[in-house]
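I opened the model to look up a few buried sites, the enclosed space and the charged pairs. My entries follow in the order in which I made them.

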Amino acid sequence: MEHESKKRGPMKRALHLLGLAVAIAAFAYFVLYAYRALAGQDLSQLLQPRVMLAGALLTGLYALLVSLTAVAWSWLLRGLGQPAAFTVTGPILATTQMGKYLPGNVAHHFGRVVVARGHGLDTGRTVLSMAYETLLVLVACAHVSALTFLWSPPAALAQWPLAQYRAPLVVAISCGALAIMLAAPRIAGMITRLRAGQGAPAAAAVRGHPGWFTSLGCYLVYSLNFALVGVGLWAVAKSLSPDPVGAASLVLLVGAFASSWILGFLAPGAPAGLGIREAVLSLWLGSTFGATIAVALIVMLRIATTLGDLLNFLWGSAALARGRRLRLQ
C-alpha cells in the first residue's frame, strides 16, 4: 500500500504540473486574443450605467449559486442519513469556495471536509455527498452543454455533419445522462475512494444512496446554476452589443459557460479554471458576438465570479463566526 502511494505521488505532481502548463498556455492565448481584439477600441462603454448594472446582475446571479448548491448539499446529506440544515451547509460552502483559487484546484474540497467535521458532520458521509455532488454537477454540465449547443450551435459547430440529427442526439444525450444517474452509487463510490486518499477506509465504511428523487432534484438545481449564469451573461451581452441579442444567444451563452466550466474543472492544477475557461469562451463567442464584445464578456464574467466568491466568503465567514459565538454561550 505504501509502495503504491509513493508511485502515485510523482504521477499526481506530474498531472498538476501538466494542468498548470496547459492553464498558462491557455491564459497566454487569451491575453494575446484580447490584446488583438481590444487594440484601438474605446473601452469607456464598460463604465456605462447599463453595462455596470448588467455586470451587477451577473455578479448577483453567480453569488446565488453557492446558496443553491448548499441547499442541494443539504438534500444529499439528509439522503445519506446525515441531517444538515442550510444554516450549516451554506456558510461552510460559502467560505471554503475561496480555496479553489489556490494552485491545484482541490483546496476547497479539503477545506469543506475539515470545516464540516468541525461542525459535527460525519466525515464519511460528507465525502460521499461531495462525490455525488461532483458526479451530478458533471452530468448536468455535460447535459446542458450538449443540449444548448445542439439547439443553438456556435459557428464552429454549425457545419458539423451530425448537427442535422439534433433530435436523435438530444434523446441519446438525455438517455445517457439518465443512465449515469442510475449508475451513481457505483461511480460515487469510486470518486469517494479517489478523493479520500489516506482516509479511504473511513469513507468506505459509509454505504448508501441519497435516493432517486434527491439525486434528480440536485441535478435540476445544478442545471439551473448554469442557466442563471447564462442569463447574467445574456444581460451583459445585451448591454454591450449595438445589435439585437435574441433568445438564441441566451441558449448559446448558457452552453458556452457550461462547456468552459467543465473543461476548467477537469484541468488539474488550474486555479478556478483560470486561463482554460477564458480560452474556450473566446473560441465559442468570438464568431457570434465579435472579438471585442466576446473579450468584454469574458472579462466581466471573471470579475463577476471573483466578486461573487468574495461576497459569499464574507457572509459565510460572518455566519460561521456567529455560530461559534452562539455555541460558546
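I began with aspartate 309 and asked for its contacts (heavy atoms within 4.5 Å); leaving aside neighbours within four places in sequence, aspartate 309 is in contact with Tyr62, Met98, Lys100 and Tyr101. Aspartate 309 has its place in helix 13, where I take helices as DSSP runs (H or I, at least four residues, with strands being E runs of at least two), numbered from the N terminus. Its relative accessible area is 1%, so I logged aspartate 309 as buried, the classes being buried under 20%, exposed over 50% and partly exposed in between, with a 1.4 Å probe and protein chains only.

I note for the record that this is a predicted model, in which local features need pLDDT of at least 70 and side-chain atom pairs count only at pLDDT 80 or more, while totals for chains, interfaces and linings use all residues. Residues are numbered from 1 along each chain as its sequence is written, and side-chain values use heavy atoms, with hydrogens and water left out.

Next I turned to enclosed space. I used a 1 Å grid over the protein atoms alone, a cavity being a set of points where a 1.4 Å probe fits but cannot get out, with lining residues having an atom within 4 Å of a point; grid points are joined across faces, edges and corners, and a volume is the space filled by probe spheres set on the points. The count came to two cavities of 30 Å³ or more, and the largest holds about 680 Å³. Its lining has 31 residues, of which Tyr62, Gln97, Lys100, Trp261 and Arg277 are the closest to the centre. Among the elements that give two or more residues to this lining are helix 2 (49-79), helix 4 (107-118) and helix 5 (123-151), and helix 13 has the largest share, with five residues. By class I found 15 nonpolar, eight polar and eight charged residues in the lining, counting Ala, Val, Leu, Ile, Met, Phe, Trp, Tyr, Cys and Pro as nonpolar, Asp, Glu, Lys and Arg as charged, and the others, Gly among them, as polar.

I then looked up the nonpolar cores (sets of buried Ala, Val, Leu, Ile, Met, Phe, Trp, Tyr and Cys residues joined through side-chain atoms within 4.5 Å). The largest has 53 residues, and those with the most contacts inside it include Tyr222, Phe226, Leu285 and Leu297. Helix 10 gives the most to this core, 12 residues. For leucine 285, again without neighbours within four places in sequence, I listed contacts with Leu252, Leu253, Ala256, Gly290, Ala294 and Leu297. Another core, of seven residues, lies apart from the largest one and includes Trp73, Ala84, Leu121 and Leu320.

My last query was for salt bridges (a side-chain nitrogen of Lys or Arg within 4 Å of a carboxyl oxygen of Asp or Glu), and the count came to two. In one, the side chains of arginine 112 and glutamate 133 meet at 2.6 Å, N to O; arginine 112 lies in helix 4 and glutamate 133 in helix 5, so this pair ties together parts that are 21 residues apart in sequence. Both arginine 112 and glutamate 133 are buried. Aspartate 122 and arginine 125 form a salt bridge too, with the closest N and O atoms 3.8 Å apart; here aspartate 122 is partly exposed at 29% relative accessibility, and arginine 125 is partly exposed with a relative accessible area of 27%.

Terms used: On a 1 Å grid over the protein atoms alone, a cavity is a set of points where a 1.4 Å probe fits but cannot get out, and a pocket is an open set with protein on both sides within 12 Å along at least five of seven lines; lining residues have an atom within 4 Å of a point.
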